[in-house]
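Thanks for making time this morning; I would like to take you through one model, beginning with a ligand site and ending with a metal site. Please have a look at it first.

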Amino acid sequence: MQDKLHYNEKLLKTALIVDDEMVNRELLGGILEDHYHLLYAEDGQQAMDILELEHATISIILLDLIMPHVSGLNVLQFIQEHEEYRNIPVIVLTSQTTAEVDSLNMGAVDFIPKPYNMPEVILSRVNRMVELFEDRQIIKAAERDVLTGLFSQNFFYEYCDMMENYHPERDTDAVVVNIDRFHLINEVYGRKYGDDVLKILANILKDYANNHEGIAGRGEDDTFYMYLNHQDRYADLTKKIQSKFATSIKNSYMHVRIGVYNKMYEPTLLKDMFYKATLACNTIRNKYHMSVVNFDKNLRTKIVFRERLIHDIHKAIERKQFIPYFQPKYNIQGEQPVLAGAEALVRWKHPEFGMISPGSFISLFEANGLIQIVDHYIWQEAAAQIKRWKEKYGFSIPISVNISRIDFYNPKLEEWLTQIVEENELRYDELHLEITESCYADNAQQLMTTVERLRKKGFVIELDDFGTGYSSLSVLSSLPIDVIKIDMKFINSMHENHMNMRIVEMIMDIARILKTPTIAEGVETKQQHDDLKTMGCNMIQGYYFSKPLPAEEFEDFFKLSPHEKIKAQK
Ligand code: C2E
Ligand code: CA
Ligand code: CA
């Protein structure tokens, strides 16, 4: 019995009765005791003390107004001043009608007149208030994002709509804020760190929106929204974010991107404004030098262009609009440079836009996975070209193809490559695979296993863009690679920038220790060629010998010496 009572008591909601007269406490208590767990206070001070300890569990307060020392109105005021108590509904117990109005103005939700002669009515009024406030709490919880306290997405949109309805003439901005590669931040530094970053950012945005007559909300993960008065620039916001991050979190370097849609650009539906601000925001993903971008005419053209490319890709494959160009690689270690291979570089001969270089579509197609289709096609074309040249000239020239980091998500990668080699009756070492250094950093283990298997099969693996991926020496020595390609950024400037010259020399030393041959990319001048040769660089690729060329033009390299060819080009 004892246990059962105890259990019931726990299930009951708690009501606090505040009255200085015992008879009133007992009367009210008698009405409520079967339905509520009751706490009693004999004066205002005691009520405040109980609130402090028990506010989290109290569902309703019944408050007498006239008490000695601390009156009921004082208690009401105290409740209003404390955010954590404000959610608890207060019903005032009174015999004076004038005080009722005062107390309602001070935040009471209802009143019960004394004397208590209709117990059922009192009980049902108390019950109704408790329910009403619980519903309100639930709505409030859905309205707010738990982590940051900002509006959750749907409520954010509703409030924006309301603002629009009241002030349709206002010049406003829809703003989308996102942190680049936030999932990595969570993974590397842990969830708690990630949460702290989000909370800090949320507070900055809330203040900023407040200061510009707007509101802030949180979407999924690390996406935030603001709707506020139009700003010409958001430089003050980005500065604030940077300095706050710098002072309040470790490893604070983060790229926060901001996309803006100004209503005056073209009034449209609210959600559409945020959609376009999101598109704008996405165009500066991984572009660390840019933090804010506006949706404007230029951007619209760019986005439409990108959409067109995505739309056209399948037709382009069918109609053979993707064309591999070939750039020669020369071995420079002997007296005369010797043609050692070529890199296949894709071009898109678009019927409307003309020749499009990979810079315009590779990252776009990487973002949506379509790169796999283009790469597969180019690998096939490259392999077929090796075969044709073999048949025509009687010797083989290895061709390297680029493998995007996205290609490694394809479980059939190995199968595709193997099939291509076999269909064209090639040896595996006639097809070289260029894999960028940063790729190994992204998803190291799984990628390494795949590359290891391909290499065992006989494919030659070239480490592309070496020097930009921050591999440590210990990682480098364990990578499954056959050739190191030094990134052209070091070669370009090695004569102007002494540091880069030293880096190239060091890479050469490392390659010697690892007994791995080197290719220098982007060699444009004789001086670069000569110095690289002296340093022991094995191969050279770059405009010095030739730009990438269509297959027919490339064939000249089989017939002429490179110097003759260079002359012929000039
Ligand atoms: P990458 O693999 O580093 O290729 C070298 C890029 O440097 C090529 O640009 C080439 O034309 C250019 N280049 C070669 N020599 C010189 C030089 O002496 N000076 C200068 N300034 N540039 C030189 P391209 O063809 O525009 O390709 C850009 C990037 O697009 C490539 O960089 C590669 O990452 C990617 N790419 C090209 N074709 C493919 C492909 O079929 N599949 C994939 N996934 N990516 C490709
Ligand atoms: Ca390459
Ligand atoms: Ca490269």
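**The shell around ligand 1**

At least two residues of the shell around ligand 1 come from each of strand S13 (338-350), helix H14 (371-393) and strand S17 (460-466), where helices (H or I, at least four residues) and strands (E, at least two) are DSSP runs numbered from the N terminus. This is a predicted model, in which local features need pLDDT of at least 70 and side-chain atom pairs pLDDT 80 or more, while totals for chains, interfaces and linings use all residues. Residues are numbered from 1 along each chain as its sequence is written, chains are lettered from A and ligands numbered from 1 in the order written, and side-chain values use heavy atoms, without hydrogens and water.

In total 22 residues surround ligand 1, each with a heavy atom within 4 Å of it, and strand S13 gives the most, with 4 residues. As for individual atoms, a side-chain N or O atom of Asp375 lies 2.6 Å from a nitrogen atom of ligand 1, and one of Asn402 lies 3.2 Å from an oxygen atom of the ligand.

Turning to the metal, the calcium ion (ligand 3) is coordinated at 2.2 to 2.5 Å by Asp464 (OD), Asp465 (OD) and, twice, Glu521 (OE); donors are N, O and S atoms within 2.8 Å of the metal (3.2 Å for Na, K and Ca), and sites may look incomplete because water is not among the atoms. Asp464 also coordinates the calcium ion (ligand 2), 3.8 Å from ligand 3.

How values were computed: Polar contact = N/O pair within 3.5 Å; in protein donor to acceptor, adjacent residues only side chain to side chain.
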